[in-house]
Amino acid sequence: MTRAVARRPEPARDPVRTLLVGLLAGAVLGGAGGFAAGFFSSPGLSAGNQGGQAIISSRVGELRAVGRFTHADPADRLHYGSGVVRVYANRVQFEDDFAVGPGPKYHVYLVPQRGIDPDTRVEETMFVDLGPLAAFSGRQSYPLPVGVEVADYGSVVIWCEQFNSLISPAELNPG
C-alpha cells in the first residue's frame, strides 16, 4: 500500500520584496565601501609632501629647544606619535625616529602652552601653523615664519584639522 504524502506548497516569492532587499543591501555595502575608499584615498593620508612646506636641510641655525613626541592618549590606538623634535632659530626639525599614526589633514603647530593633552583647547590658543605634515615618519623640517620667537612656545603639536583633534604633542625644553 502506498501512502500519499501531502506536500506543502512553497511560499510564493514576492519579486518586489526581493528587489527592495537587494537594493538595500547594495546601498549599505556600496556606501560603506565608498566611505572607506574615500577616506583612505584622501590626500591627507598620503605620505608625500602636501604643499612644499617641508624642507630637509643640514644648515638649520642655532639649536633653541628639544622635545619628544608622545602618545597623547594611550587608550586611543589610532592617534599616536613618537620621536625627537629639535627647534632651531629658523626651523623645526623632526628627526629620523619621528612617527605618527596615519590620518587626514595633519598639520604641525607651535603652541604657546606646555603639557598639552587631549583636553587642551589647542584651537583656541595663539598657535603658529607651520603647514601640513609632509610624511608620517622620518626626518623632515619646517621653516619658522619671520618674527616667531621660539622662547614664546612650549610645544610642537601634530594636529588633525579634519577632526579637530590632538594627534601627538612634544613639550619643548631649552636646547
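Me: With which side chain does the side chain of Ser141 make a polar contact, and at what distance?

Reply: This is a predicted model. Ser141 lies in strand β7, which covers residues 140-143. A polar atom of the Ser141 side chain lies 3.5 Å from the backbone oxygen of Val92. Side chain to side chain, the polar contact of Ser141 is with Arg91, at 3.3 Å.

Me: Is Ser141 buried or exposed?

Reply: The cut-off for buried is under 20% relative accessible area. Ser141 has 1% relative accessibility, so Ser141 counts as buried.

Me: What pattern does the chain follow, read along the sequence?

Reply: The chain has one helix and nine strands. Helix α1 spans residues 15-40. Read along the sequence, the pattern is α-β-β-β-β-β-β-β-β-β.

Me: Among contacts between residues at least 6 apart in sequence, what share joins residues at least 24 apart?

Reply: The pair Glu95 and Arg139 is one example of a long link, as it ties together parts that are 44 residues apart in sequence. Over the chain, among contacts between residues at least 6 apart, the share joining residues at least 24 apart is 68%.

Me: How many residues has the largest nonpolar core?

Reply: Of the 175 residues of the chain, 36% count as buried. Elements giving two or more residues to the largest core include β1 (63-69), β2 (81-88) and β9 (165-174). Those with the most contacts inside the core are Phe94, Leu110, Leu133, Val156 and Ile158. The residue count of this core is 27.

Me: How many residues are in the second, separate core?

Reply: Its members include Tyr109, Ile116, Val122 and Val157. The number of residues in this second core is seven.

Me: Which residues from Val156 on does Phe94 touch, leaving out residues up to four places away in sequence?

Reply: Phe94 is among the residues with the most contacts inside the largest core. Phe94 touches, among others, Phe69, Val84, Val85, Val108 and Leu133. Further along the sequence, its partners include Val156 and Ile158.

Me: Which residues are linked with Glu95 in a network of salt bridges?

Reply: Side chains of opposite charge can pair when their charged atoms come close. Glu95 forms a salt bridge with Arg86, with the closest N and O atoms 3.2 Å apart. Glu95 also forms a salt bridge with Arg139, where that distance is 3.0 Å. The residues linked with Glu95 in the network are Arg86 and Arg139.

Me: Which member of this network is buried?

Reply: Arg86 is partly exposed, with a relative accessible area of 28%. Arg139 is partly exposed too, at 34%. With a relative accessible area of 12%, the buried member is Glu95.

Me: How far apart are the closest N and O atoms of Arg121 and Glu124?

Reply: The chain's count comes to six salt bridges. Arg121 and Glu124 form one of them. Glu124 is exposed, with a relative accessible area of 54%. The closest N and O atoms of this pair are apart by 2.7 Å.

Me: What accessible area do Val16, Leu19, Leu20 and Leu23 have together?

Reply: Leu20 lies in helix α1. Leu20 is exposed, because its relative accessible area of 53% is over the 50% cut-off. Val16, Leu19, Leu20 and Leu23 form a nonpolar patch on the surface. Their accessible area together is about 410 Å².

Me: What part of the chain's exposed area do carbon and sulfur atoms supply?

Reply: The chain exposes about 10900 Å². Carbon and sulfur atoms supply 57%.

Conventions:
Residues are numbered from 1 along each chain as its sequence is written. This is a predicted model: local features need pLDDT of at least 70, side-chain atom pairs count only at pLDDT 80 or more; totals for chains, interfaces and linings use all residues. Side-chain values use heavy atoms; hydrogens and water are left out. Patches are made of residues with over 30% relative accessible area and no salt bridge: like charges are joined within 9 Å, nonpolar side chains (Val, Leu, Ile, Met, Phe, Trp, Tyr) within 5 Å. Accessible areas come from the Shrake-Rupley method with a 1.4 Å probe; for residues, only the protein chains shown count as cover. A salt bridge is a side-chain nitrogen of Lys or Arg within 4 Å of a carboxyl oxygen of Asp or Glu. Helices (H or I, at least four residues) and strands (E, at least two) are DSSP runs, numbered from the N terminus. Buried means under 20% relative accessible area, exposed over 50%, partly exposed in between (1.4 Å probe, protein chains only). A polar contact is a pair of N or O atoms within 3.5 Å; within protein, one must be able to donate a hydrogen and the other to accept it, and residues adjacent in sequence count only if both atoms are side-chain atoms. A nonpolar core is a set of buried Ala, Val, Leu, Ile, Met, Phe, Trp, Tyr and Cys residues joined through side-chain atoms within 4.5 Å. Contact means heavy atoms within 4.5 Å.
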